[in-house]
Every structure is written in structure tokens, then in C-alpha cells.
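Colleague: Please pick one part of this model and take me through it slowly, with each term explained when it is needed. I am in my first year, so a connected account would help me more than a list.

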Amino acid sequence: DGPESCTKMSMKVKINWDGSDERFYALRKLQLHSQNRDESQMHERLGYWLFAEMGVPTARSVHARLVINGEFVGLFALTEQIDGRFAREHFDDGTGNVFKERWPTDTDGLAVDEAVLASGLKTNEEEASAPLLTAFGEALAEAATDEELRTVIETYLDVDETMSLLAVDRAIRNDDGPLHFYCFDACANHNLYWYANPATQKLHLIPWDLDNAFENIVNDINPVSPIA
């Protein structure tokens, strides 16, 4: 097919290419999401705004008209990258580890190996370690009673922040996020980040990729992602 039939593609512009220290308004990357699966073109902007209003560390997202060499390409969601700069912006100590799409336990409730968790590192990648996320998984796996489980959660998570995230997640039916485990060869969730705060020794769950949010509020419009 020719380019005229090609779907609008998401793009990532890397400012610090080839090891450069250049920044664009203090940013290293610009992330332009196509929103092809969102007819309203509002899911990301509204979803991230709601998370932020509820005190959840989350990406900023606005609309952007993209023009390349004088030609209008389309309307995109300009969405903040979750990286070290994001961590420094949202946390008093932003030097900790950011992980993408790693969950501390498997669907049998067993702790996930540290090497697997560390493979999701997006900051401090030279360390190749995930001590806090690993310890959380091991503590969850070892908790034998509800009271022990409550203690683990209170130790490793900011409970109010996490409850706020869950409340918004369910309200907007973010059914392609951390609460949805897809089962193929194995079961796993995705579209999430963790930040391991070295100052507080707390883990912060960060939502990501909200293009399928809002779809199943009235009924199961999207057959892939609904959660009962």
C-alpha cells in the first residue's frame, strides 16, 4: 500500500541523540502518541489529568498539532516520558530506579527473580538491580495472613496514593493497565511503571498508556480489555 493508506504512526523524538547533552525545554525526548484507537482523542489527556488531580505521580499530556517540513501531519498526544527527569520532577529524591512493565509476583503469588525485574530498568541501568521491588515481591509471597499482607503493603507502598490510583483506574475503566493480566503462554500485565524511592524506601505505581481507558464505562465496547 502507498503512504496515503498508512495509519498515522506514533513518534518519539530523541533530542540527545548520539550522546549529545542537548535539551529541548529541559527534555531529552518528545513522545507523540497517535491516538489511533481513540476516536475522542481525549483519553490520555483526561486520564492523566484525573490521576494527577488525585495526587498520583503521572505523566503530563496535552494535544499537539504536528507539522513536519511545513506539512501538517495530524493531531497527537504529547505525553511526558517516564524517566529519570520525571522522577526528579515528582519526588524529593529522584535518583532511584524507574522500572517499566515489571510486576513483583507472578500469577501463582511467587516472587519474581531480581534479574527479571532489573531487566525493566529505565534509569541507573548500569546497576542491573532491583532490591526494593524484589524485597516487595518476596514479602508478598511470604505473607501468610491478611494482617501480614496489610503490613507488607503499608511498608512498601504509599497506601493513600495507591488507593487513589486504583479509584481513578476503575472509574475510567483503564482496562489495559496494571489490573488486567493477559494470559497467553503465561499471564502478565503491562502499561505501568514503578518508581523505587531510595529516601523513603517506598514504591510508587505510575499509570501508562491510557488510549483504551473510558471505553467500557457503559458497556463492553472494547472486547479485548473489559474487566468484570
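Modeller: A residue is called buried when its relative accessible area is under 20%, exposed when it is over 50%, and partly exposed in between, with a 1.4 Å probe and protein chains only. By that scale Cys187, which has a relative accessibility of 29%, is partly exposed. This is a predicted model, in which local features need pLDDT of at least 70 and side-chain atom pairs count only at pLDDT 80 or more, while totals for chains, interfaces and linings use all residues. Residues are numbered from 1 along each chain as its sequence is written, and side-chain values use heavy atoms, with hydrogens and water left out.

The part I have chosen is the open sheet of three strands, whose order is β5-β8-β9 and whose pairing is antiparallel. Since β5 (97-100) and β9 (202-207) each have a single partner strand, they stand at the edges, so one side of each has no neighbour in the sheet. From one strand to the next the twist averages 20°, where axes are lines fitted to C-alpha atoms, for helices over the stretch in contact, and angles run from 0 to 180 degrees between N-to-C directions. The names follow DSSP runs numbered from the N terminus: helices are H or I over at least four residues, and strands are E over at least two. Two strands pair if DSSP finds at least two bridges between them, and strands of a sheet pair through backbone hydrogen bonds, either parallel or antiparallel.

Let us follow strand β8, which covers residues 192-197 and pairs with β9 in the antiparallel sense over six bridges. Across this pairing, Trp194 stands opposite Leu205 in β9. Trp194 is also a good place to look at the aromatic rings, for which a pair means that the ring centres of Phe, Tyr or Trp (its six-membered ring) lie within 6.5 Å, with planes under 30 degrees apart counted as stacked, over 60 as edge-to-face and the rest as tilted.

In the whole structure a search finds nine aromatic pairs. One of them joins Phe136 and Trp194 edge-to-face, with 6.3 Å from centre to centre and 75° between the planes. This pair links distant parts of the chain, because Phe136 belongs to helix α4 (residues 131-142) and Trp194 to strand β8, 58 residues apart. Both partners can be placed on the accessibility scale: Phe136 is buried, with a relative accessible area of 5%, and Trp194 is buried at 2% relative accessibility.

A further pair starts from β8: the rings of Tyr193 and Trp208 have centres 5.5 Å apart and planes at 90°, so this pair is edge-to-face as well. Tyr193 is in strand β8 and Trp208 in the segment after β9, 15 residues apart, and here too the pair links distant parts of the chain. Tyr193 and Trp208 are both buried. Returning to Trp194, its ring belongs to one aromatic cluster with Trp103, Phe136, Tyr156 and Phe181.

In the segment after β9 we also find Asp209, which has a positive phi of about 60° although it is not a glycine.

On the other side of β8 in the sequence comes the stretch with Cys187, the residue with which I began. Cys187 is joined by a disulfide to Cys183, with 1.9 Å from S to S, and the rule used is a pair of cysteine sulfur atoms within 2.5 Å. By this rule the count comes to one disulfide. The link of Cys183 and Cys187 is right-handed, with 115° about the S-S bond. In general, a disulfide is a covalent bond between the sulfur atoms of two cysteines.

Strand β7 (residues 187-188) holds Ala188, which is partly exposed with a relative accessible area of 41%. Leaving out residues up to four places away in sequence, Ala188 touches His180, Phe181 and Tyr182, contact being heavy atoms within 4.5 Å. Phe181 thus appears twice in this account, as a residue touched by Ala188 and as a member of the aromatic cluster that includes Trp194. Ala188 and Leu165, by contrast, are 23 residues apart in sequence and 19 Å apart in space, taken from C-alpha to C-alpha.
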